[in-house]
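Grab a pencil and have the structure open beside you. Each exercise below sets a task, then walks through the solution one step at a time.

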Amino acid sequence: MGSLGDLILASGVTAALSPVVLVTHRRWKAAGACLPGVERVVGWPDDPLPSRPQLVVDLQADLRARAIVLSMRPDEVRRVARFDWQRRARVWWGAEPAPPVVERYARAAGVPVAEPPWWP
């Protein structure tokens, strides 16, 4: 997770995935520990990454997250659909909006979105 907003949105799915090992930037480690369902927080790049996890749900799906996931060598990876072109088309041409981020996170994780409020 790259920002506090990403953590807040991720909290909409972490409880349903419990127990969760959350990999986030070191500056958000304390905030990540507050999320429901989070058992342990790995502060990247300082802390060692989990090795060979069964499942990784990549909620960023950017190049840095892909490299981190690849280094962990998980059995299964699920990635969020980013809708980059659809989001740009919305700005440029007024196209239909992409689904809300928390819904995309839930779809990637294969769980329902928790009822708000998501932040404890």
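## Exercise 1: Asp58

Asp58 sits in strand β3, residues 55–58; helices (H or I, at least four residues) and strands (E, at least two) are DSSP runs, numbered from the N terminus. Before we go on, note that this is a predicted model, where local features need pLDDT of at least 70, side-chain atom pairs count only at pLDDT 80 or more, and totals for chains, interfaces and linings use all residues. Residues are numbered from 1 along each chain as its sequence is written, and side-chain values use heavy atoms, with hydrogens and water left out.

**Task.** Work out whether Asp58 is buried or exposed, and find what its side chain pairs with.

**Solution.**
- Step 1: Check the cut-offs: buried means under 20% relative accessible area, exposed over 50%, and partly exposed in between (1.4 Å probe, protein chains only).
- Step 2: Asp58 has a relative accessible area of 4%, so it is buried.
- Step 3: Look for touching residues, where contact means heavy atoms within 4.5 Å. Leaving out residues up to four places away in sequence, Asp58 touches Ala65, Arg66, Val69, Arg78, Arg79 and Val80.
- Step 4: Now pick out the polar partner: the side chain of Asp58 makes a polar contact with the side chain of Arg79, at 3.1 Å. A polar contact is a pair of N or O atoms within 3.5 Å; within protein, one must be able to donate a hydrogen and the other to accept it, and residues adjacent in sequence count only if both atoms are side-chain atoms.

## Exercise 2: The whole chain

**Task.** Describe the overall layout and size of the protein.

**Solution.**
- Step 1: Count the elements: there are five helices and four strands.
- Step 2: Put them in sequence order, and you get α-β-α-β-β-α-β-α-α.
- Step 3: Test the size. A compact globule of 120 residues would have a radius of gyration near 14 Å, and the protein has 14 Å, so the two agree. The radius is taken over C-alpha atoms, and the globule rule is 2.2 Å times the number of residues to the power 0.38.
- Step 4: Box it in: along the principal axes, the C-alpha atoms fill roughly 45 × 30 × 25 Å.
- Step 5: See how much is tucked away: buried residues make up 35% of the 120 residues.
- Step 6: Check the contacts between residues at least 6 apart in sequence: 38% of them join residues at least 24 apart.

## Exercise 3: The start of the chain

**Task.** Place Ser3 and Leu4, and say how exposed each one is.

**Solution.**
- Step 1: Ser3 lies in the segment before α1, while Leu4 belongs to helix α1, residues 4–17.
- Step 2: Ser3 counts as partly exposed because its relative accessibility is 28%. Leu4, at 34%, is partly exposed too.
- Step 3: Skip the neighbours within four places of Leu4 in sequence, and its contacts are Trp28, Ala31 and Trp119.
- Step 4: Link back to Asp58: Ser3 and Asp58 are 55 residues apart along the chain, with 14 Å between their C-alpha atoms.

## Exercise 4: Helix α5

**Task.** Which residues of helix α5 are buried, and what covers them?

**Solution.**
- Step 1: Within α5 (residues 101–109), the buried residues are Val102, Arg104, Tyr105, Ala106, Ala108 and Ala109.
- Step 2: Their cover includes α1, β3, β4 (76–79) and α4 (84–93).
- Step 3: Move just past α5, and Gly110 takes a positive phi of about 75 degrees.

## Exercise 5: Backbone oddities

**Task.** Where are the cis peptide bonds, and where do Arg52 and Ala61 sit?

**Solution.**
- Step 1: Recall the background: most residues other than glycine have a negative phi, and most peptide bonds are trans.
- Step 2: A cis bond joins Trp44 and Pro45, with omega about 5 degrees. Pro45 is in the loop between β2 (38–44) and β3.
- Step 3: Pro116 and Pro117 are also joined by a cis bond, with omega about 5 degrees. Pro117 is in the segment after α5.
- Step 4: Arg52 has a positive phi near 55 degrees. Arg52 is in the loop between β2 and β3, and is partly exposed at 41%.
- Step 5: Ala61 has a positive phi of about 55 degrees. Ala61 is in the loop between β3 and α3, and counts as buried because its relative accessibility is 7%.
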